[in-house]
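Welcome, and thanks for taking a look at this one with us. Please have the sequence and the model side by side as you read.

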Amino acid sequence: QSNIPVFVIPGDNDINDCADFEHGEEQWTKHFRHLDKNWDHSFFVTRWGKLEESFAFLKHRILLFGLNIVGGSPHSDSEWKRRHTEHLHRVKELMTKLKDEYDVAVLLAHASPSSNHADFFEEEDGLASFVKEIGKPFLHLHGDDHVWAESEGAFDVDNYMMVSLDCGEIASPIKVEIDTTKENPIKIIRED
């Protein structure tokens with residue numbers, strides 16, 4: 001067992017690309033949704049009702065979000081749109097409410113932003129424009145593309161850094177260091 005709490009967010013292969021969507025969702029929920037509760041930790045975790053698989057917490061002046069925003073084929077376009085709208089509302093709400101309590105925000109979400117996610121990331125009132133408005137360093141880690149890529153200034157927003165992680169078993173471990181006392185607080189180290 002890990003010495004530190006583990007949080008898991010869904011990916012496309014976990015649920016919506018399964019031959020039986022309901023079974024995939026049931027299995028993911030049963031085994032992963034509240035995995036962090038197996039540890040006695042001091043994180044004050046915020047979850048959002050019907051979006052229980054998503055979470056946020058504040059630790060050491062870092063605001064971290066784990067969201068159910070996946071790639072793959074939508075099982076329901078209307079459900080995706082509702083989920084994206086609710087997530088965007090919750091993220092903006094927390095980033096605004098806690099603006100004096102964090103220096104860096106981190107997003108963990110499976111999807112590589114595509115046209116299926118434009119409503120969340122790219123529209124006029126989407127996440128990218130909000131991150132620009134807030135002006136604090138923002139790190140977005142995703143695993144959808146299955147190739148390593150770092151993009152500083154993602155969405156033409158200077159303070160938005162996006163990292164695409166390698167594919168599962170071939171991926172080298174990474175270490176993310178965030179030192180909120182530094183001008184450039186985010187450092188990513190790939191271990192080969």
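## Pairing of strands β3 and β4

Two strands are said to pair when DSSP finds at least two bridges between them. With that in mind, how many bridges join strand β3 to β4? There are six, and the two strands run parallel. Strand β3 covers residues 62-67, while β4 covers residues 104-109. If you would like one pair to click on, take Phe-65, whose bridge partner in β4 is Leu-107.

Is strand β4 mostly covered or mostly open? Five of its six residues are buried, so β4 is mostly covered, given that buried means under 20% relative accessible area.

## The chain as a whole

Before going further, please keep in mind that this is a predicted model. The protein chain has four helices and nine strands. Read from the N terminus, the order of its elements is α-β-β-β-α-β-α-α-β-β-β-β-β.

How does the radius of gyration of the protein chain fit with that of a compact globule? For 192 residues such a globule would have a value near 16 Å, and the chain has 16 Å, so the two agree. Along the principal axes, the C-alpha atoms fill a box of roughly 45 × 40 × 35 Å. Of the contacts with a separation of 6 or more, 58% are between residues 24 or more positions apart.

## Surface and charge

Of the 192 residues, 40% count as buried. The protein chain exposes about 10700 Å², and carbon and sulfur atoms supply 47% of that area. As for charge, the chain carries 20 positive and 37 negative charges, and the mean positions of the two sets are 7 Å apart.

## Ile-178 and Val-163

Ile-178 is found in strand β8, residues 174-178. Its relative accessibility is 24%, so Ile-178 counts as partly exposed. Which residues does Ile-178 touch, leaving aside those up to four places away in sequence? They are Ile-62, Val-104, Val-106, Pro-185 and Ile-186. Of these, Ile-62 lies in the range of strand β3 (residues 62-67), and Val-104 and Val-106 lie in that of β4 (residues 104-109). Ile-178 and Ile-62 are 116 residues apart in sequence, yet their C-alpha atoms are 8.1 Å apart in space.

Val-163 belongs to strand β7, residues 160-164. Is Val-163 buried or exposed? Its relative accessibility is 0%, so Val-163 counts as buried. Beyond residues up to four places away in sequence, Val-163 touches Leu-139, His-140, Leu-141, His-142, Trp-148, Ala-149, Glu-150 and Ile-188. A contrasting pair is Val-163 and Gln-27: they are 136 residues apart along the chain, and 28 Å separates their C-alpha atoms.

## Two histidines with positive phi

Two loop residues deserve a look at their backbone angles. His-60 is not a glycine, although its phi is positive, at about 50 degrees. His-60 sits in the loop between β2 (51-59) and β3, and its relative accessible area of 65% makes it exposed.

His-146 also has a positive phi, of about 65 degrees, without being a glycine. Where is His-146 placed? You will find His-146 in the loop between β5 (138-142) and β6 (149-152). At 35% relative accessibility, His-146 counts as partly exposed.

Terms used
Residues are numbered from 1 along each chain as its sequence is written. This is a predicted model: local features need pLDDT of at least 70, side-chain atom pairs count only at pLDDT 80 or more; totals for chains, interfaces and linings use all residues. Side-chain values use heavy atoms; hydrogens and water are left out. The radius of gyration is taken over C-alpha atoms; the globule rule is 2.2 Å times the number of residues to the power 0.38. Buried means under 20% relative accessible area, exposed over 50%, partly exposed in between (1.4 Å probe, protein chains only). Contact means heavy atoms within 4.5 Å. Accessible areas come from the Shrake-Rupley method with a 1.4 Å probe; for residues, only the protein chains shown count as cover. Lys and Arg count as positive and Asp and Glu as negative; His and the chain ends are not counted. The place of a charge is taken as NZ of Lys, CZ of Arg, CG of Asp or CD of Glu.
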